[in-house]
Amino acid sequence: MEKERETLQAWKERVEQELDRVVAFWMEHSHDQEHGGFFTCLGRDGRVYDDLKYVWLQGRQVWMYCHLYRKFERFRRPELLDSAKAGGEFLLRYARVAPPEKKCAFVLTRDGRPVKVQRTIFSECFYTMAMNELWRVTGEARYQDEAVEMMDQIVRWVREDPSGPGRPQLPGALASEPMAVPMMLLNLVEQLGESDKELAGNYVELGDWCAQRILWHVQRDGQAVLENVSEGGEELSGCLGRHQNPGHALEAGWFLLRHAIRKGDPELRAHVVDKFLLLPFRSGWDPDHGGLFYFQDADGLCPTQLEWAMKLWWPHSEAMIAFLMGYSDSGDPTLLRLFYQVAEYTFHQVTASSWSTFLYELSKGVEEKAGSHSSPGRPGPGFPGL
């Protein structure tokens, strides 16, 4: 036990150093002082190589700054909060393509003109997260009003009017449900319901609905997590039906695990660890070179995505968060060993300047297991996440 504590303490210190370095990098290089918002296409030296502004990344950076400000004493600095507010105001002015309509652009020019709209809900999801966190750190009701209104719109699109985002229902297209949709909605349920009993109560049914839809993606007698299923929760034919995304499955896993912990459901927690943590990791890990494959085919055929064999940073981030969260909840040493396996690979391979959100989540989990109380602003028990 003492050896484990020492190892976790070493990881905590390593992650804290990386997180501090990453935040300093973004504070120095990503802020657009002229037009507001953030540059996100940055070289390792901090130079901007494209000034387009992706709405989901703008929302993520606002969320990140606010969450750090709210949770950690060492980040409770006025310049961090001011930057978050400036990013939030940029989103309020420009993110929605045709106010008062709620559809957000996917990409904006540097000065806020819409470039592209995706026919999905994801720009709106990150917009909602940003507004909710701004409300939490500023107390300004207008931010929370915006978050709740956008959340209501997203739910209507998902559950009542799927044509709302603008995707046409073509006669030859399979009626399918990607795991990303209920997964992101479940994340928003957790985000908006945190420390807000009224909103949490309003979203109880929605959270359970999202969890059930995600669980539908466990197919083939529990031996595969598929990225797409039918609207009734059945396996689809062809490449679309066989498509697997190990990183997404692991991300859904820690969202589900957080949901199960909040509900106090040990049976669901055990199922999630088995099917959404261990299963996708064992199938997705490259036994020859290490790392998680980007995409896989459930029958071992060649995926149609040409980048399927690439090792992107984000699946490894999701894996580490998931395993550390699972270990924090259960104490299962298998999950801790898998965390170490992924962490050693990732820290060796990945450029740290890409993963501030992961580092924040990881720092919380390692801190809790190491028993450190160094920060007066550290969160309580559990592993609340992105």
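Two residues are in contact when heavy atoms of each lie within 4.5 Å, and this tour of a predicted model will use that idea at its stops.

Begin by colouring the chain by pLDDT, the predictor's confidence in each residue on a scale from 0 to 100. The mean over the chain is 91, and 90% of the residues reach 70 or more. Then select residues 372–386, where pLDDT stays under 50, although the model has 49 contacts for this stretch beyond four places in sequence.

Next, select Phe-323 and show its surroundings. Leaving aside residues up to four places away in sequence, Phe-323 touches Leu-250, Leu-277, Leu-278, Phe-281, Leu-335, Leu-338, Phe-339 and Val-342. Now add Met-151, Leu-206, Phe-276 and Phe-339 to the selection, for these four, together with Phe-323, touch the most other members of the largest nonpolar core, which has 101 residues. That core draws at least three residues from each of two domains, domain 1 (26–166) and domain 2 (175–365).

Finally, turn to the cysteines. How many disulfides does the structure hold? The structure holds zero. Select Cys-41, which is in no disulfide, and look for the nearest cysteine sulfur, which belongs to Cys-104 and is 19 Å away. Cys-41 is itself buried, with a relative accessible area of 12%.

Move on to Cys-210 and ask why its sulfur has no bond to the one in Cys-125. The closest cysteine sulfur to that of Cys-210 is the one in Cys-125, but the two are 9.9 Å apart, which is too far for a bond, because a disulfide requires sulfur atoms within 2.5 Å. Cys-210 also counts as buried, at 0% relative accessibility.

Terms used
Residues are numbered from 1 along each chain as its sequence is written. This is a predicted model: local features need pLDDT of at least 70, side-chain atom pairs count only at pLDDT 80 or more; totals for chains, interfaces and linings use all residues. Side-chain values use heavy atoms; hydrogens and water are left out. A nonpolar core is a set of buried Ala, Val, Leu, Ile, Met, Phe, Trp, Tyr and Cys residues joined through side-chain atoms within 4.5 Å. Buried means under 20% relative accessible area, exposed over 50%, partly exposed in between (1.4 Å probe, protein chains only). Domain bounds come from an automatic or database domain assignment.
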